[in-house]
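Dear colleague,

Please find below the structure that I am handing over to you. My notes on what was found in it follow directly after.

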Amino acid sequence: MAAHRKPRQRSTGSGTARTAATIALAGAATATGFDGTGHAEPQLTPGQVKAEVDRLYREAEVATEKYNGAKEKAEAAGQRLKELQDQAARKEERLNTAREALGAVASAQYRGGGLDPALQLALSDDPDRYLDNAEFVERAGNRQRSAVAGVRKRLREIEQLRGAAHIELTSLKSRQSELRRHKKTVTGKLGTAQRLLSRLTAEERARLDGSPRASRTPGARDTLAAPGPAASRAPHSRAAAAVSYAYQKLGSPYVWGATGPNAFDCSGLVQAAYRSAGVALPRTTYSQIDAGRRVSRSELLPGDLVFFYAGISHVGIYVGNGQMIHAPNPSAPVRLAPLDEMPYAGATRVV
């Protein structure tokens, strides 16, 4: 019977299946190595390292802008809380002064043989509750009624301020929690990127970066292009001042969350440049794109803000000739770069 068996036929797709399985396993091993949950360290080419590091930097930048936004809102909530607390303190001082004045009258009346109900209110441990007694108003004299009304008004105002301060405190705590969450995301992704880069030699890192090594040295900014021509073509003197500031910061390190004067992230550089020109810009890329008038790419002039990626997560300052100055990422300092270096998303003219 064995002699009559048909020979086993090979499936024409078996080679493809094995190849797909091999690629899938390799991909799984790579993913495992990146998230730190596996034991095998995949051997990546410099090109693969660059692709993964670029992805991590983009994701970290998105988280950085969210961190910057949360920080801006936390600072605003903290400022509002302080203002409310200051207002409450001032009103409490005026309340105490009014109660002291009524107390002096109460002492005089007590020595005269009685204590007016209005003064009982002013000296009560719980004056607000005492005021709820409608009969009190009928018994108080006009003059004392006016004084007590002032006390009551201040009590109400203080309670309102305390309620508003409680709301702001809750908001502040929420923003602080959000800050910690975004910070953890940023530092985690940047740490993973750094570990990947540490596998490469200095020469490999320099080749992947694609920028002149001289631009990383402290004295390099002296050899870089001067801002004169670019600033002269700016549509406004303030835009020209922002461009000049950006040129002065070439070679400065990228530090996430930094707004200068010696280190920057992308939106921090833009904010600092225009701050130096007397223009207040919002902190994040998401807000900066709406801080002026949108312009097309063909209309770009020096000083315009140029944005990148679908999520508007990166920004630079246009300086003419298809170039911008921006703070790229932790592996590269503030530098000149072509607009085509990243997916272009739009532009805004601030002044």
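The sheet is a convenient place to begin: 6 strands form an open sheet, with antiparallel pairing, in the order β1-β6-β2-β3-β4-β5. At its edges stand β1 (293-295) and β5 (335-338); each has a single partner strand, so one side of each is left without a neighbour in the sheet. On average, neighbouring strands of this sheet are turned by 40 degrees against each other, direction ignored. Please bear in mind throughout that this is a predicted model.

Two helices pack on the sheet. Helix α9 (residues 237-248) touches β3, β4 (323-326) and β5, and the direction of α9 makes about 105 degrees with that of β3. Helix α10 (residues 266-276) also packs on the sheet, where it touches β2, β3 and β4; the direction of α10 makes about 50 degrees with that of β3.

Strand β2 (residues 305-308) deserves a closer reading. Both of its faces are covered: L305 and F307 on one side, and V306 and F308 on the other, are all buried. Strand β2 is joined by 4 bridges to strand β3 (residues 314-320), and the two run antiparallel. Another 4 bridges join β2 to strand β6 (residues 344-349), again in an antiparallel arrangement. In general, strands of a sheet pair through backbone hydrogen bonds.

The individual bridge partners can be followed from residue to residue. F308 has H314 as its bridge partner in β3 and Y344 as its bridge partner in β6. For L305, the bridge partner in β6 is T348. The hairpin of β2 and β3 has 5 residues between the strands, and in this hairpin Y309 takes a positive phi near 75 degrees.

Away from the sheet, I would draw your attention to H182, which is found in helix α6 (residues 142-197). Is H182 buried or exposed? With a relative accessible area of 10%, H182 is buried, because the cut-off for a buried residue is under 20%. Leaving aside residues up to four places away in sequence, H182 touches A63, K66, Y67 and A70.

Finally, some totals for the protein chain. The chain has 11 helices and 6 strands, and 40% of its 351 residues count as buried. Among contacts with a separation of 6 or more, 63% are between residues 24 or more positions apart. The protein chain exposes about 19900 Å², of which carbon and sulfur atoms supply 52%.

With kind regards

How values were computed. Residues numbered from 1 in each chain as written. Predicted model: local features only at pLDDT ≥ 70, side-chain atom pairs only at ≥ 80, totals over all residues. Heavy atoms only, no water. Buried < 20%, exposed > 50% of the residue type's maximum accessible area, 1.4 Å probe, protein only. Pairing = 2+ DSSP bridges. Contact = heavy atoms within 4.5 Å. Areas by Shrake-Rupley, 256 points an atom, 1.4 Å probe, with all protein chains shown as cover. Axes fitted to C-alpha atoms, helices over the stretch in contact; angles between N-to-C directions.
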